Amino acid sequence: MTMHHRRKTLAASISLIALGAAASAQAAPIATLDRNGAWVSVEAYGPNVVRVTLAADKAEALKPGGYGILAGGADNAGFRHTGGKDGDTFSSSALSLHVAPAPAPHVPSMSEKYFASTLAPVALQVKNAKGEVVLDMTGWDMAPQTVNTEKTYQASASFSAPADEHYYGMGQNQESMGPLDLRGRVVDCKHWYDAPAGETVCVPFMVSSKGYGIVWDNPSPTRFIAGINGRTAFQSSVGERVSFFVITGNTPEELYSGYARVTGKTPIPPKAAFGLIQSKARYESQQEVLRVANTYRQKKYPLDIMVVDWFYWTRMGQLDIDPAQFPDPDAMNKELHGLGMQSIISFWPRFESSGRYFNELDAKGYFLKDKDGKTVDGLPSRSDRTGALIDSTNPAARKWFWDHARDNVLSHGFDYPWLDETEPDLVPSGYFYSIGSGDRYHNVYPLLHVEGFAENMRAWKPNKRAMILSRAAYLGSQRTGALFWSSDISPSWEALTRQIPTGLNMTASGIAYWGNDIGGWQWLPQSTKATKAPLLDPAGGTGTVGQNHDYPELFTRWFQYGTFLPTLRVHGDRKHTELWEFGTQAEPILARYDRLRYQLLPYIYSQAKATYDSGAPFMRPLWMDFPNDPKVADIGTQYMFGPAFLVAPVTEQGQTQKDVYLPAGSDWYNFWTNEKLAGGSWVKVAAPIDQIPVFVRAGAIVPLGSDIQSTAERQQVTEIRVYPGKDGDFALYDDDGMSYDYEKGKGTTVRLHWNDATGRLNASGDGEVARKAPGLVKVAGK
């Protein structure tokens with residue numbers, strides 16, 4: 001195909017890319033360069049973020065960012081453009097981008113005649129503020145193909161892969177049993193509920209150990225090739241351009257603040273989101289919900305949120321509450337609120353053809369369609385074949401769904417929605433949304449579906465923070481205020497093992513609020529394959545576990561891990577999921593960790609504010625905090641939880657000790673014993689059933705709160721624990737926990753500083769905590 005023909009074809013196949021995504025006007029690019037018919041557009045989103053768009057058609061190169069990218073976010077002010085025979089350079093205080101000149105004309109070789117791309121070559125490099133090359137793009141390509149009846153291209157770009165480079169992020173992938181680094185792997189970045197190791201979720205943000213990240217701006221299924229044969233590449237199945245953002249930074253906070261400028265800030269969830277969330281599949285009646293809630297209060301086990309999961313309705317898509325099961329949901333929620341609790345209720349985006357709204361929505365064209373314009377009803381496989389998918393890419397359909405969810409369900413006193421099946425479960429490949437083909441926009445559904453609720457929730461209750469449970473995400477999903485989880489995983493030791501590296505690459509993708517179903521979701525087998533004697537006697541819990549004698553041990557280990565996750569939510573397809581239903585030996589351990597979680601709330605909530613300020617996750621892999629220790633590059637079995645805690649969950653049945661790596665550059669304290677150890681080595685740590693290995697970094701300041709039953713109570717800071725050996729700082733933050741006033745700066749911050757030489761803690765800031773802080777200090781080991 002000649003270049004002229006290719007460009008004509010591209011111009012004719014503009015299709016629907018991003019016409020509805022970011023149609024608002026934006027700043028002109030710094031420059032749009034012609035490289036022998038390959039157009040390269042360059043624009044900045046602040047001093048450490050540069051966007052590069054390549055296309056054979058200039059109109060494509062000039063289009064704004066796609067779905068997930070904030071419209072109007074371009075900011076070129078800090079960049080200077082110089083050009084000459086050696087190419088074009090775009091420089092700021094944080095990075096420089098050099099686009100090489102077009103190669104000189106030459107007679108093509110025999111090999112080039114047959115195998116070279118018809119696209120004009122483009123090469124570019126990005127250097128950091130120190131002048132070090134961090135990214136070297138060696139080529140790009142658009143291979144013609146027809147996808148879902150549409151003539152389009154596979155759009156790709158290739159980069160050199162230095163031997164010492166490590167890659168992280170790219171969303172949720174549950175294939176690893178421990179290693180974290182994506183190098184040497186091929187990741188299929190697409191939403192896939194049925195992925196063999198557990199649901200995959202595509203958030204195409206890759207972060208490199210070289211101090212940069214790439215936001216790949218294409219929502220179609222994308223293959224990420226990580227450092228194989230000296231090459232790293234992104235290959236998207238549908239597209240008329242290559243568009244990506246490069247973000248540089250010396251710290252995670254610099255990187256993720258750049259990501260936030262491109263895709264949006266991470267809000268602070270309501271404080272209740274950090275307490276215990278109690279769920280199961282499913283509470284079958286109003287009476288059962290209230291019985292469980294009251295039992296928590298009687299036992300004095302802290303709890304913030306009760307969840308009503310699926311099939312509370314009379315029919316899928318009926319958007320009603322079955323009066324036989326829940327005769328008075330208003331009264332139920334009033335009683336929960338009186339107990340200091342809130343409620344979550346789930347919504348599915350599917351509608352049975354026999355339901356009351358199907359014909360109306362079908363007539364309006366609000367469902368996913370096939371190529372003939374007919375509504376797609378059900379899945380093509382599995383035994384889950386009922387229901388049409390509401391097309392949340394259509395703003396009118398989003399509004400309809402919200403209005404009916406609000407009026408029919410949420411208005412009965414429920415606090416927050418749970419949006420399930422947001423990948424969506426009805427796979428869009430081969431079908432059509434209102435914005436275009438399900439192949440072109442395969443990964444965008446969860447962003448639009450959840451954002452529709454988030455925006456309308458804020459309009460409905462302008463000063464009550466929105467919170468949404470969501471099963472999938474995309475670029476920008478963090479801005480919706482959603483809590484994400486790893487979908488319907490198995491109640492097994494293997495599934496637990498997979499959660500740690502899974503979550504760390506998901507949070508590295510800019511999705512700070514990630515968790516999982518504590519205990520696993522899938523049906524619990526009533527027998528066990530364990531070969532070791534269980535560490536907990538199941539007596540008192542056999543009504544839940546049957547002959548699965550090691551499950552109380554598994555659930556306890558999972559709950560211990562969950563205590564150090566951004567959100568702690570119990571769930572599962574079991575007869576019971578409450579803390580007292582796993583045996584008399586498990587119950588006091590679970591209660592202890594539940595109370596510990598609430599004691600840690602002042603520390604955890606302060607991390608939420610730090611994430612709001614910078615975008616950086618507070619549950620994160622070791623490499624973020626210890627970039628100079630090469631041994632942490634591939635460790636996905638342990639992680640940092642805020643600046644203080646190193647957590648190494650126990651994931652093997654019968655395990656009572658664990659090898660833990662303590663990163664170099666710090667001394668460490670065993671959280672349970674206060675034993676002090678030097679960093680830079682592996683240590684064997686005792687892990688009896690009532691402990692998981694947790695270490696605290698020397699110089700850490702950990703504020704602890706009073707015992708409360710829920711975040712509806714005012715919690716006092718009762719202790720400020722200091723781990724000596726180094727100077728330390730901590731910003732202790734608090735606000736009302738419910739409103740958006742924090743966006744106006746109405747919270748309080750007390751800045752704590754530990755002077756290790758003098759052994760004194762200084763506190764600055766307003767309020768009672770600042771005055772009392774020196775008297776609350778407890779120094780570890782003393």
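**Asking how we know**

The protein has 16 helices and 42 strands, and the model is a predicted one.

Me: What makes this protein as compact as a globular protein of its length?

Reply: Set two numbers side by side. The radius of gyration is 27 Å, and the globule rule gives 28 Å for 782 residues, so the protein is as compact as a globular protein of that length. If you'd like a box to picture, the C-alpha atoms fill roughly 80 × 70 × 55 Å along the principal axes.

Me: How much of the protein counts as buried, and what does buried mean here?

Reply: A residue is buried when its relative accessible area is under 20%. Of the 782 residues, 63% count as buried. As for the outside, the accessible surface comes to about 27,800 Å², and carbon and sulfur atoms own 50% of that.

Me: What share of the contacts comes from residues 24 or more positions apart?

Reply: Those residues account for 72%, counting contacts with a separation of 6 or more.

Me: Why is the link between Cys-189 and Cys-202 called a disulfide?

Reply: The cut-off is sulfur atoms within 2.5 Å. In Cys-189 and Cys-202 they are 2.1 Å apart, and the pair forms a disulfide. A disulfide is a covalent bond between the sulfur atoms of two cysteines. A search of the whole structure finds one.

Me: And what makes that disulfide right-handed?

Reply: The twist about the bond. For Cys-189 and Cys-202 the S-S torsion is about 100°, so the disulfide is right-handed. Cys-189 sits in strand 11 (residues 186-189) and Cys-202 in the loop between strand 11 and strand 12 (205-208), so the pair ties together parts that are 13 residues apart in sequence. Both Cys-189 and Cys-202 are buried.

Me: Why is the pair of Phe-205 and Tyr-259 called stacked?

Reply: Start with the total: 49 aromatic pairs are counted. For Phe-205 and Tyr-259, the ring centres are 4.4 Å apart and the planes differ by 5°. To pair, centres must lie within 6.5 Å, and planes under 30 degrees apart count as stacked. Both tests are passed, so Phe-205 and Tyr-259 are a stacked pair. The pair links distant parts of the chain, with Phe-205 in strand 12 and Tyr-259 in helix 4 (residues 252-263), 54 residues apart. Phe-205 and Tyr-259 are both buried.

Me: Which peptide bond is cis with omega near 5°?

Reply: The one from Ala-281 to Arg-282. Arg-282 belongs to the loop between strand 17 (276-278) and helix 5 (286-299). Another cis bond runs from Glu-423 to Pro-424, with omega near 0°. You'll find Pro-424 in the loop between strand 22 (416-419) and strand 23 (432-433).

Me: What is worth noting about phi in Asn-36?

Reply: Its sign. Most residues other than glycine have a negative phi, and most peptide bonds are trans. Asn-36 is not a glycine, yet its phi is positive, near 55°. Asn-36 lies in the loop between strand 1 (31-35) and strand 2 (38-44). Phe-311 has a positive phi too, near 60°. Phe-311 is in the loop between strand 18 (305-308) and helix 6 (329-338).

Me: Why does Asn-36 count as exposed, and how is Phe-311 classed?

Reply: Exposed takes over 50% relative accessible area. Asn-36 has 53%, so Asn-36 counts as exposed. Phe-311 has 36%, which lies between 20% and 50%, so Phe-311 is partly exposed.

Me: How do you know that Pro-643 is partly exposed?

Reply: The same kind of check works: Pro-643 has 37% relative accessibility, between the limits of 20% and 50%, so Pro-643 is partly exposed. Pro-643 is in the loop between strand 30 (639-641) and strand 31 (645-647). Leaving out residues up to four places away in sequence, Pro-643 touches Tyr-603, Gln-607 and Arg-697. From Pro-643 to Met-619, the C-alpha distance is 9.2 Å, with their positions 24 residues apart in sequence.

Me: Which domains does UniProt place at residues 266-607 and 615-702?

Reply: In an unreviewed entry, UniProt lists "Glycoside hydrolase family 31 TIM barrel" for residues 266-607. That span is 34% helix and 11% strand, and its end C-alpha atoms lie 12 Å apart. The record, again unreviewed, puts "Glycosyl hydrolase family 31 C-terminal" at residues 615-702. Residues 615-702 are 5% helix and 38% strand, with end C-alpha atoms 21 Å apart.

Notes:
Residues numbered from 1 in each chain as written. Predicted model: local features only at pLDDT ≥ 70, side-chain atom pairs only at ≥ 80, totals over all residues. Heavy atoms only, no water. UniProt positions renumbered as here; feature names shortened; annotations may be inferred. Helix = DSSP H or I, 4+ residues; strand = E, 2+ residues; numbered from the N terminus. Buried < 20%, exposed > 50% of the residue type's maximum accessible area, 1.4 Å probe, protein only. Rg over C-alpha atoms; globule rule 2.2 N^0.38 Å. Contact = heavy atoms within 4.5 Å. Areas by Shrake-Rupley, 256 points an atom, 1.4 Å probe, with all protein chains shown as cover. Phe/Tyr/Trp six-rings, centres within 6.5 Å; stacked < 30°, edge-to-face > 60°.
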